Each structure stands twice: as structure tokens, then as C-alpha cells.
Amino acid sequence: MNKPVPAIPISRRGLLLGGTAIGGSLALGIRPGLGQISAPLLTVDTRVLEVNGKPAKVFKVAGPGGKSGIHAAEGDRFKGALFNASADPLQMHWHGQIKAPFEQDRARPDGGMLAPGETDLHDFELTPGTHWMHSHTLTEQQLLAAPMIAREKSAGDVQDVVIMLHDFAFRSPDEILAELGGSNAHGGHGGGHAGHGGHGGQGGHGAHAGHGGHAGDGGHAGHHSGHHGHSPGMIHANDVNYDAYLANDRTLGDPDVVRVEKGGRVRLRIINGGTATGFFISTPGLKSECVSVDGSPCLPVAADSYPLAQGQRVDLIVTIPAGGGAFPVLAQVEEARFVTGIVLATAGATIAKLPLEAETPQPLIDARFEARLKATVPLPAKRPDKTFHVRLGEEPNYRWTINGRIHGEHVPFEARLGERVELMFMNPTSMMHPMHLHGHHFQVIGIGRNRIAGPVRDTVIVPPHMPVTIAFDAIYKGSWFLHCHHLYHMATGMMTEVRVS
């Protein structure tokens, strides 16, 4: 870290902050009599980031040595303190960490918020693969997210390069939500969403330094793909106007340059931390192969570009030519020409200026690539014990629903330990929804009317008017959120629960 972190007192308030249903924060590992903790494993704080020449106040999640997030190996444990050094209540979600006990993830019903200046303790084995952590409130928009990598024992002799994608706005997430015409529906899930108490405990943080207030700042003039810019019912993406798209905190105008070796093999671990944006990933000048999605291995598949919805991850293997050079890894916004990315470069390579926009827009993300993927370790064959229909809905005033209800009015899906559960998502709305299930990985087993032996994931693309079916074994007891990973769809209602008893 850049400066010493003081010892962190654990108060009685911190002990009692969690959900009462399962014993509050005692279940998070905070134990009476611990006294002082001298070295947090993770510290959440704020920082000033320069975007397009303007300063912006955003969050940071500093791990060991000040590096963003957690970078570990298969078999390692996530063991230590999470310290909230920011001025905002925190509800962190360990996305993809299925070995994290129910009570050690605050993104749950009655999970509560970690107050400023207080600490949670955690102790669980990391789930192998490319995963990530993020706020489960509107503060996710302000870059409150970081990688959570446990390198697989089977990864072999490759160089790991982690790429974290974000969509960025100088406006606060509350302003964005107001522009969309929505209102926050989740103030009551354990105090977990911004909007609770008027501003979700964000105080003035959302008013970034250098607040531009309008899409188009920093070279994005003409970005008009807002929700109300489409005809009713028209299938579309990009209902939020963003000022920039970032890869490892930088735009393509000043990209992150990662040193690689001539002839070396590189594993790109790409995380879509965008809140409302899907991307297509490409590696011009390099052949690539997808070997894992959402941290779960799949049979290798090569493509010219790889769709990546909000919350999803993709691992690509590339080989650097023996002659070396500079090679961009690009992420282009779906249904748009905006591009971000990084550059892989060997020693002495000349790095050319890269355009911020492609010559042609990408299409909408659909399920065609998904249909090509197959899990390396699929679920065992078994008839479902429970089958549920999950109808995704769109209503006036930017209200997004599941089976006609918003979160708080929802009816949970009930399952018992050991049952095989199938969920069929039906999407008659005008947008794609990346649907994420907490606490479990699932297999994609149906696209449209076709049954497939698809990939194992934790977040699945559900295109408009295309049913998608997933299956999972209910092996983790608890009440797990099921929601759209478009932050503003979740915030305005598209979230329910899967209860495993």
C-alpha cells in the first residue's frame, strides 16, 4: 500500500451490523476479544483517477502490496480483514466465489452494510479461476470492483494478464438512474442499495471532481444510445450515455502497456466490470482461443471476437510471435463503435496510436457464441427435481421485473439441498439481460428450443425473445440472489431469490 494502515478497532456496532437471521456479523468471522487488526487483506477507499484529462473521484480496492484486488493460486484461502476506509457503507459481493459461506457475503437478504471505518473478517478457500469482487450497490458504477483471481494448477507455463473493463461517467449513479426515469427498488435488502435513506449512504461521493454532467465529454460527443432514444419495444443496448470506457483504468488513448516475451504464451483474464455495457473482445494480429468462461474451464474455442456481457469473464490464450511486436487487446462496445483495451508489447516494440472508435459498430450480443461452448466438466446427467420459469419484464418508468414483480415484492424460488434445479429464462423485453446467480455455478443446457451441453457459468446472456435454460445442483444452503447484472435493471427491480433449505 502507499501508506501505512492504522490498526483497526472492531466495535460492537460492527459486530451487530450484519443480518439478524443468521447471527449478524459473528457469522462473518468477527469474534469478540479480537482487539486490533494490524494488516487488512483488503482496504476499500477512494482515489482520484484522471479520465480524458479530467479528475474523477472513484473507489479503489487495495489488496496485498497495494495491488488491485486478490491475485492468488488454487488452494489458497481468502483469509483476513476487509477494512472499509471509505466514507460510504459497503456491501461487497464475492462474484463467482462459490466456496464462500453464505454468511460471508454481505450481498444477501439482510446482509447489512459494512459501516465506514469498520471491518469484516473472512476465511474461505478461493474458487479457482478468473473471478472478481464488486459492490452490490450503485457505488459499483464508481469503480468499486477488483479482480479476484486464483490461478488454476492446470494453467501451465503461461503469463497471466488481467484486464478489467469499466464503463465510466463523470455523473453520479443517482443522476444516471434519474436520467433513465427509474427509482431505486432495493433500499430494503439489508440496507444494501444506494437510494436507501435518500442516497444509500453515499453522501456527496457521487459528485465526482471534474463533474462534466453530460454524455459527450472527453470525445464521446454524439453518443446517443440512451434508453429514451429508442422507439418503444425496439431491441437495443446502451441505455446509459457514458463519457469513457476503461481497460485497467485507462482509455485506449493512453492504454495500459503490458510487457510480454517473444514467442511467449499469454493467458488473458478479461473481466467485464461494466455496469450497463456489453463488449466484444478481439486480439488483432494474434490468434486466440477461449479456454474458460466465468472462471470455469471449457473446451477450447477460437473466434474472431468474443461477446462479454456485464459480470462475465473470458480467458483467452494467445501466443506472441517469435519476432515480437505490439498487439492490442480490444473491447468494443456492443451496438456501437467505441473501443477500449490494452496493448501487449515485447521489448523495444513501437506502439502505434490506436483509434478510440472502430470503423463499424458491433452487433447486439446474442447467444450464437454461447451455443458453441462446452464445459470441460459438465454437470452429471440427472433429471430435474424442480423446474421454474423466470419471465423477465419491462414496464413503464424504467421498472424491470421478474415474473411481474420487482425485488421486495418477489416470490422466491424454493429448492432443497441436493435437488437438481432448472431455470428457463424468457425475455420478451427490448434488451439483453445478463442473469447472475449467487452462490452456485450452473450449466447452460438450453438455447431456444435446443437442448445443449453448454458451458458452466455464473452469469448467462439472455437475449430478447430467446429462451435460455440453465441447470444447477442446490448444494449450498442459503437464500441466494438471482438478478440481472445490468446495474440499473437490478436497482429498479430485476432481482429475486433462490432459497435452498
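A charge sits over a ring if NZ of Lys or CZ of Arg is within 6 Å of the ring centre and within 35 degrees of the ring normal. Arg108 meets this rule in the predicted model: Arg108 lies over the face of Phe102, at 5.7 Å from the ring centre. Lys54 does likewise with another ring. Lys54 lies over the face of Phe170, 4.4 Å from the ring centre.

Confidence comes next. The protein averages a pLDDT of 87, and 83% of the residues score at least 70. Two stretches fall short. Over residues 1–37, pLDDT stays under 50. The model still gives this stretch 78 contacts beyond four places in sequence. Residues 187–228 also stay under 50. Here the model has 125 contacts beyond four places in sequence. Where pLDDT is low, the predicted coordinates should not be read in detail.

Now the aromatic rings. The count comes to ten aromatic pairs. Phe168 and Phe170 form one of them, with ring centres 4.9 Å apart. Their planes stand at 85°, over the 60 degrees that the class requires, so the pair is edge-to-face. Both Phe168 and Phe170 are buried. Phe170 is also the ring that has Lys54 over its face.

Tyr306 and Phe369 make another pair. Their ring centres are 5.5 Å apart and their planes are at 90°, so this pair too is edge-to-face. The pair links distant parts of the chain, 63 residues apart. Tyr306 belongs to strand S18 (residues 306–308). Phe369 sits in the loop between strand S21 (339–345) and strand S22 (386–395). How accessible are the two partners? Tyr306 has 1% relative accessibility and counts as buried. Phe369 has a relative accessible area of 9%, so it is buried as well, the limit being under 20%. Elsewhere, ring pairs link Tyr242, Tyr245, Phe279 and Phe338 into a cluster.

Turn to open space. Rolling a probe the size of a water molecule over the atoms shows where empty space is left. The second largest pocket holds about 510 Å³ of space. Its lining comprises 21 residues. Ile98, Ser296, Val377, His441 and Val456 lie nearest the centre of this pocket. Strand S17 (296–301) and strand S31 (468–473) each supply at least two residues of the lining.

Three buried residues show how separate parts of the chain meet. Thr130 lies in strand S9 (residues 129–135). Its relative accessible area is 0%, so Thr130 is buried. Beyond four places in sequence, Thr130 touches residues including Met148, Ile149, Arg269, Asp294 and Asp315. Val314 is 184 residues from Thr130 in sequence, yet the two C-alpha atoms are 8.0 Å apart.

Gly182 follows helix H2: its place is in the loop between helix H2 (173–180) and strand S12 (244–247). With a relative accessible area of 17%, Gly182 is buried. Gly182 contacts Leu177, Asn397, Tyr398 and Thr492, leaving aside neighbours within four places in sequence. Tyr488 is 306 residues away in sequence, but 8.2 Å away in space, C-alpha to C-alpha.

His486 also occupies a loop, between strand S32 (478–484) and helix H3 (487–491). His486 is buried, with a relative accessible area of 1%. Which residues does His486 contact, leaving aside its neighbours within four places in sequence? They are Asp239, Thr275, Ala276, Gln310, Tyr398, Met431 and Pro434. Tyr398 thus appears in two contact lists, that of Gly182 and that of His486.

How values were computed:
Residues numbered from 1 in each chain as written. Predicted model: local features only at pLDDT ≥ 70, side-chain atom pairs only at ≥ 80, totals over all residues. Heavy atoms only, no water. pLDDT = per-residue confidence, 0-100. Contact = heavy atoms within 4.5 Å. Phe/Tyr/Trp six-rings, centres within 6.5 Å; stacked < 30°, edge-to-face > 60°. Buried < 20%, exposed > 50% of the residue type's maximum accessible area, 1.4 Å probe, protein only. Helix = DSSP H or I, 4+ residues; strand = E, 2+ residues; numbered from the N terminus. 1 Å grid on protein atoms, 1.4 Å probe; cavity = no way out; pocket = protein on both sides within 12 Å on 5 of 7 lines; lining within 4 Å. Points joined across faces, edges and corners; volume = space filled by probe spheres on them.
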